[in-house]
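Biologist: Could you take me through one part of this model slowly? I'd like a single stretch, in detail.

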Amino acid sequence: QDGAGPGAGNGTDGTGGDGGDGGGGGTVEMAMPSNVTDRAEDTRQALYDAGLSEDIDVSFLSTSEISGDVQAQYRSWLNAGRETPDVFRMDSGWTIPFIVRDQLVNLSERLSQEAQSMLDEHYFEAPLESARAPAQAVGGSGGDTDTGTGMGGGPRGELYGVPWQVGFPTIQYRSDLVTDAGFDPEGNNWGTEPMTWQRFSEVISETHGNADVEYGFNWQGTDYVGLSCCTFNEFMSTWGGAYFGGRDTLFGPVGERPVTVNEEPVHQALRMVRTLIHGSDDEQALDGYQQISPNAVLEWTEGPSLSPFTNGNAVALRYWPSGIFEAATAFEESDNLSPDDLGTMPIPYAVPEAESEYEGIGGTASALGGWHLTVNPNSQNVDAAVQVIEATMQQSFRTFQFSELGYLTGDRRLFDPENVGDVDPWGPHLETLRVAGENAIPRPVTVVWPDQSSQIASRVNAVIAQQQAPEDAMSALAGSLEEIEQSV
Amino acid sequence: MATSDERGRGRLRSAAVAPANWTERLSEQGFAYVLLLPTLLLVSTMALWPLVSTFEMSLRADALFSAEYVGEFVGFENYVELLTGERNAILGSPFLDFSQPFQSALTVTLIYVAIAVTLETIIGFGQALVLDQSFRGRRWVRVAILIPWAVPIAIQGLIFWLFFQPGIGVGTDVMRYLGIFSENPLINTTDTLIIVIVADVWKTSAFMALLILAGLQSVDRSLYDVAKVAGASKIQQFRYITFPLVLPALLVALLFRTIQSMRVYGIIETTGGCSTLPSLTCLVVSTFRSGRYATSAAVAFITAGIVALVAMVYIVKFADLEVGT
Amino acid sequence: MGEVKLEHVTKRYADVTAVDDMNLDIEDGEFVTLVGPSGCGKSTTLETIAGLTIPSEGTITIAGDDVTTKPPKDRDIAMVFQNIALFPHMDVHDNMSFGLRLRDFDSEEIDRRVERAAEILQIEELVDRMPDELSGGQRQRVAIGRAIVREPAVFLMDEPLANLDAKLRVHMRTELQRLHKELDTTIIYVTHDQAEAMTMSDRIAVMNEGHLQQIAPPLVCYDEPANLFVAGFIGSPGMNFVEGTVEAEEIRTEGFDVAFDPAQVPELVEGDDVTIGVRPEDVYPAGEADELANPTRRIRARTDVLEPMGDQIFVYLVLRGEDAAGADTGTSGAASAQGADELLMSVEPDSDLTDDEDIEVVLDRRKIHVFDTGTGNAVCHDILRSEAMGGGHPGAREET
Amino acid sequence: MGEVKLEHVTKRYADVTAVDDMNLDIEDGEFVTLVGPSGCGKSTTLETIAGLTIPSEGTITIAGDDVTTKPPKDRDIAMVFQNIALFPHMDVHDNMSFGLRLRDFDSEEIDRRVERAAEILQIEELVDRMPDELSGGQRQRVAIGRAIVREPAVFLMDEPLANLDAKLRVHMRTELQRLHKELDTTIIYVTHDQAEAMTMSDRIAVMNEGHLQQIAPPLVCYDEPANLFVAGFIGSPGMNFVEGTVEAEEIRTEGFDVAFDPAQVPELVEGDDVTIGVRPEDVYPAGEADELANPTRRIRARTDVLEPMGDQIFVYLVLRGEDAAGADTGTSGAASAQGADELLMSVEPDSDLTDDEDIEVVLDRRKIHVFDTGTGNAVCHDILRSEAMGGGHPGAREET
Amino acid sequence: MASQTAEEGESDDDGPIADRTQEAIRNPGGAYQFLFYVVTAFFLVTTLFPFYWLLVLALTPGDRMTNVGLLPNGFNPASFVEMFQRLPFHVYMFNSIVIALTTTLIVLLVASFAGYAFGRLQFRGKTALLLVLLAISYFPPAAFIIPLFQFFTGNVEILTLPAVGTISSPNWFNTPGAMVTPFSALFLPLSIFILTTFYSQIPDGLEDAARVEGATRIGALFRVIIPLSAPGVATAGVLTFIGVYNEFFISFLMTDGQAQNWAPIVWGVVNYQGQYQAFYNLMAAASIVGVLPVVILVVIAQERIVSGLTAGALKE
Ligand SMILES: Nc1ncnc2c1ncn2[C@@H]1O[C@H](COP(=O)(O)OP(=O)(O)OP(=O)(O)O)[C@@H](O)[C@H]1O
Ligand SMILES: Nc1ncnc2c1ncn2[C@@H]1O[C@H](COP(=O)(O)OP(=O)(O)OP(=O)(O)O)[C@@H](O)[C@H]1O
Ligand SMILES: [Mg+2]
Ligand SMILES: [Mg+2]
């Protein structure tokens, strides 16, 4: 109810950053997954190296690896008004509801000027967007009367989280097989210039036919959150379609934005996906697209889709950056493959941005994944917490994250090989990842997204499993989504 | 003996004179209430109070935009809207929709319960009868048959999910070869139903077996002697002695198994997922997960109501038994 | 300390009254035996005394305390159950020492007492066995052991020797009597064994259908039964009953007459319907009548069945009054009040009687009992010299 | 159809041999009673016949079939269990009709038989009760009913009347005998009641510690016991035993001598240690000696305790041989082989003996049994005229 | 033949009852016995196969998780070591065991009292109370967790005293109390029903005997009724233990998932799930290890479950 967080008691001037005075000391507990907590000592040291005051004691709380579980925990902790942990690591996929519910500290008011401008200048836009308060969470009359529950603290643009880690899916493929099949990835700039889905299907199909591997193109198509947030979001976006009409309305206002799933781009995307899986026999098949994906994608989540690829049993894989790491490591260890055999390219597209009806949609698109750091408003140490977050934004700490902890951060500069050097195994793929990052598409996170997400996933899965026709399914989906939009 | 008498007597006397255990003086009724006190205390604070407070939540609006769990008081609106199907979009799957029985939670749950509990009872009874025999190595057979019950649902789900996950396990291939499963069992409602039932039967037959075994073990063995001499064959002994005497234990097992499976969730979530096979509890959890606590509370109460209706069947049977003896 | 008093105790179950207005007054140290037909309420009476059943009505007093609603443990009683009720999960030693352990006796004392009891009961080698490894009689002995180690103020024993063989019974009988004397406890004992009841008890309480019929010393019950029921019940085989009517100077029955002196026996009123009772051992072949001071006239009879028992022979006689009845109603052993034409006689084992022989018998007139056929109450027990006796239930009256 | 044959049947438990090399040959339609002290293996023997226990060794044949390992249901037997074991979940009617329902009898026939049995057992009004609403004796009767409705080839009855009162027992005895005759079934019966054993059985099998001691008709067991054990066991109270040695023309004991004619009784070898056995009813006060054809010399004794039983009085005598033993070992009832200085006598109830009276008694020489003290085997049963008898176990031999 | 049978019967470690049953098994001869072994084998195969497959998964190296059939793809017992390196799995196990044991003891005690009351005493409101208890099990755990979480994070005001101020519920987050207490209540109904059933079947005669010997009603409960209901008590205990040992809904809420904060075993297993990739082999290995305590428990408890002590108790 009281806006920017009840933790305000201890010092309003905490933005200074070099905490000599009272506000700076104390312990900051950070909720982190095991890959950080396993290296707690190193991480702490890296924070101090990045200029964090040694007065601030950093401790880590180990959280689950499962995003949904973490969300549920935070939800109950924050609802119960717990004071710890001070810093949350929040999935970009569900940070906004916490912002909307006034359960996070407004960092725009806390971060130093320096830090703010660093974010503006050097960070990918999509992740930042998913950490900002939406202009209007909910549309209609309810919105403006409802000061207590309605919209989050402050106007659009107020920042509540700082990106900690980002993930942009790319296509990872076996460059050796592709080359054997007579293609020239290097020459055609596959790494940075997205190709069309049609071409992609031909390439994979041909390569698959030419190679002795079980699978062609692996991705994740089972009925789960990943389908709606990411995999299908990409298919749809690259066809110029959107759930709620373009980027502007991704985060609301709920109930006032259009539901645009029952439109041609989405139907086309679905048809294409069916073709990729079932081939031209499918009654909805699009001409010119090849059958390249196994039936199994209909049941695959990340894990099952990844292992055939790392085992050298698939031509291509749509996967998060960690897949690059996994595949490179696996290829390294295998007898007949080397990390050089791993190629990456941005997600292919079908409709260029210019031709899309919606702004910012079309062309290549990578679903945004990743995590933010946010601050617990009940924390007794908001200032110190903010200082810790600022320390993480330092170049040295980002480098530590990238090279030591092994994941990408929202700072664009780290996608430049010149800045980071040839870090194995990322080096050859950074350019591709940067392109993906620049074309990242967040999921439409609102308070009703969980409901919508499951509806989307099951409808989409039903269509691509040939159980429903695209038009029927999408019109039904549109109905449900609209109903959910109106339910708040 | 006489010498020690005095000593014994003395003690005995003091034991008798010592302040008698106050519970002994209570009437049967009073004593019963005293014995039930801990239960009532525990249950009312840890179960009844939460239920009351959850019920209170169910009478309020969802509050998606506030740090509060629930919003303003709306009476039975949640219930009405849920039962009339107005909330189906939010639920993920409808409660009851006769046009698509495999997509509506109530029918799915009932089908699942009917099949799973029947199979578990038969298999559990069979296992209990085997375990009731004596043979070399019985101890280990008993452990082997009982440990599936010890497997956490997460792992139970993992086993079956992995087994049927294309690319990882070979289960789908085998089943397809046998012509039982479709290509993608984990997104196919009937296949998933079969998987879930098999997984559930695998795990919870042990529950039935354990309880029935305990029942079997409590039967006075001399009754079998009588029956044998009276000319009862194995089957007749079972029918006239074993079965009626384990019936109370069996009913408890059945009752709780039915209730538990009416609430099935974990094994679904960890295999095919709630959207492939929506159960009643799926609806509770999914609304809960999406922060619609009021709706979730209402769904929970509706679910409980349905469970109560089903459990009624057993309760009536119980009453018969009590009257009978 | 061990007086037990039952006042108007009644116990009703759904469709039966197991005990009906029972009044008993048992003195400290007394040995009282409850006898009566199966289902007459003996066990129920014990259960009310033990506190296992709360009577529907009435009060129970032990050692002056009203214990009607007190729990068993506060009554200082030990009980041997008719159904034995050993704890199946404890071995013999633990079964026997259960009560002592509850009372925190030290283990030496426990062992001593258990050992002693096991010795008395001849089950020393069985103390480590489980109940299901014992024979029926062994189980029963353990049950007795469990009670006697306790040395309480009141013992309740419900057919404690039912499963023991004759030898052991005699032994246990003596041991129980010794124990009774030694501990000076009150013992309330249920048995269906006449010998036990006769030899052990200070008094016998005869019950029927929940009602107390007579409570009196054993020989009084035997010699002066208060009514037809007691007369028929006490003594095995039972008393012979013959119905008749009182005439001026004799009681006339179908098969024979018994003369009496109305001056001596004023209770016999002419014209009354009475039942004559005579025990088998008071029936003699006419040949041995010279032994008797007061035989009746000779009665013509035919031997029907002979039942040799080793130490005696039971002879079933059919009276040949005016016209002898056929022989085929013969072997029905329970001769009680079966009408006039049957009589059971017991003779020495060296008797040379045979089946189907016509003989003459006499009754010992001193041992003839007369009951009022209508009420069943005793009228007199000695047809020669009437003793002073009250009306209906001489035994029971005496006590209440 | 109902011959039962046990050959070398042995049943061992962990630490006991319950039945040891048992041989029994029971004819069709015979009524054999097993008797023996508690724990001697009677129930175990029945269980092996029923098929509830597989003997460790030996074979069991019923009606010519080797059934040793056959299940009970294929043996056409019915059994009354010592522990009763009613089905707790069935009412009396269902308990009794259980075996019939198993055999798909039509319900009319079932009802008819149950009704008939209930009538015999006098439990007509109880047929709708549950077992836990019955008294001990009522339960036992239901258990009997459950067996008799079956009408099988062989009845096994393990102390079926133990909880019944004397009247009912006599009634049941007759009923069982009638049933036996009517159905012509073989009955193997266990009882500890001497009267039952004596009156009902065609033969009695006496067991001790798992061994068969003697199997013979009741009076043979009584009058010509095969050994000391049988002699002491059969008859209640038991036979008096006095140890002595054989001299030229008499057997000399501490308290008295018994003369015999060596020509007539060649089995008595001078110098042998023997035990003289005489039953209480064969001991007479010297005053009644004129009744006897062959009394012994007078024996001086002192009465110790008198136990009036109604129809007789047991008199415990202490012999006053050279020097009479003190009186304090007195009341031990089990006089069996307790040495020379005690004797139990039974006298008529009208006897005027009193406690602590010096009297003289005589024994009936015809009824004196002589046993070899070492082996316990009978030497002769009639000291006047020796009958032809084999060696050790005359009864048992006769059968095997 | 006969003697052999008997001797084998004797040598069986399960005593005379087993002896009887054994005879029964042997008697009808080969066919029955064969059928028995076929059925037993069937049950064994079906129950053990998933475990076998779990073992196959555990032994398959994490990067070779494809098309795992009846044999592991490779042989990597190291996952049994790695599972401990990656997470302090033993601590999770310890937590679960402590929580489950404590809960089981509380439940058995409380349910014994209640079971005695329901099974052996007559009182008014008995049926109604039983139905209320049963009704608790009708609700999915989700129906309890918000109030319970509020309660155990100290957010519920229990009562307000004028002088003292407000007394709040305890803050037991991350302590075993926050799990043991609600588990005790939620697992209570099952145990009460089981114990009620078993206690009510103990013949009155035995309780009578104990009471005449001087036991109070409670004493008779502990010394006679509970031991004689051993199969039922052990079963209730095993079911409760396993239920709590594997419970996730509430323990997920009441701890933050860290081993040192009393997080139970399921937390441990689930924590092997990474963001995008799960360590299936470790989860499998952990599941096998995690089941061991229960195996031990079942081995111990089964001696009680199979007691068959009721023979020879009463003559009736
Ligand atoms: N399961 C068993 N384990 C060990 N010993 C046993 C077992 N069953 C019986 N026995 C022993 O075997 C012997 C014979 O027992 P059985 O029941 O046949 O005796 P019984 O003659 O029927 O005695 P009773 O007259 O007391 O009933 C006894 O000593 C008994 O203790
Ligand atoms: N729980 C009960 N419900 C109904 N009737 C009962 C119950 N218990 C006993 N009775 C009846 O009460 C009467 C007295 O029973 P009790 O056990 O006292 O008889 P008893 O004299 O001990 O007989 P027995 O010599 O056969 O043991 C019997 O008719 C019996 O059927
Ligand atoms: Mg009785
Ligand atoms: Mg026996």
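Biologist: In which sense do E9(C) and strand E10 (residues 211–216) of chain C pair, and over how many bridges?

Modeller: E9(C) and E10(C) pair in the antiparallel sense, over 5 bridges. Ground rules: this is a predicted model, with local features needing pLDDT of at least 70, side-chain atom pairs 80 or more, and totals for chains, interfaces and linings using all residues. Residues count from 1 along each chain, chains are lettered from A and ligands numbered from 1 as written, and side-chain values use heavy atoms, without hydrogens and water.

Strands are DSSP runs of at least two residues, numbered from the N terminus, and two of them pair if DSSP finds at least two bridges. Within the E9(C)–E10(C) pairing, Ala205(C) sits across from Ile215(C) of E10(C). The two strands form a hairpin with 2 residues between them, where Glu209(C) has a positive phi near 45°.

E9(C) also pairs with strand E3 (residues 31–35) of chain C, this time parallel, through 4 bridges. There, Thr33(C) has Ile204(C) of E9(C) as its bridge partner.

Now for the side chains. In a regular strand they alternate between the two faces of the sheet. Here, Arg203(C), Ala205(C) and Met207(C) point one way from E9(C), while Ile204(C), Val206(C) and Asn208(C) point the other. So Ala205(C), the residue opposite Ile215(C), and Ile204(C), the partner of Thr33(C), point opposite ways. Both sets are buried, that is, under 20% relative accessible area (1.4 Å probe, protein chains only). Because 6 of the 6 residues of E9(C), 203–208, are buried, the strand is largely enclosed by the rest of the structure.

Key. Buried < 20%, exposed > 50% of the residue type's maximum accessible area, 1.4 Å probe, protein only.
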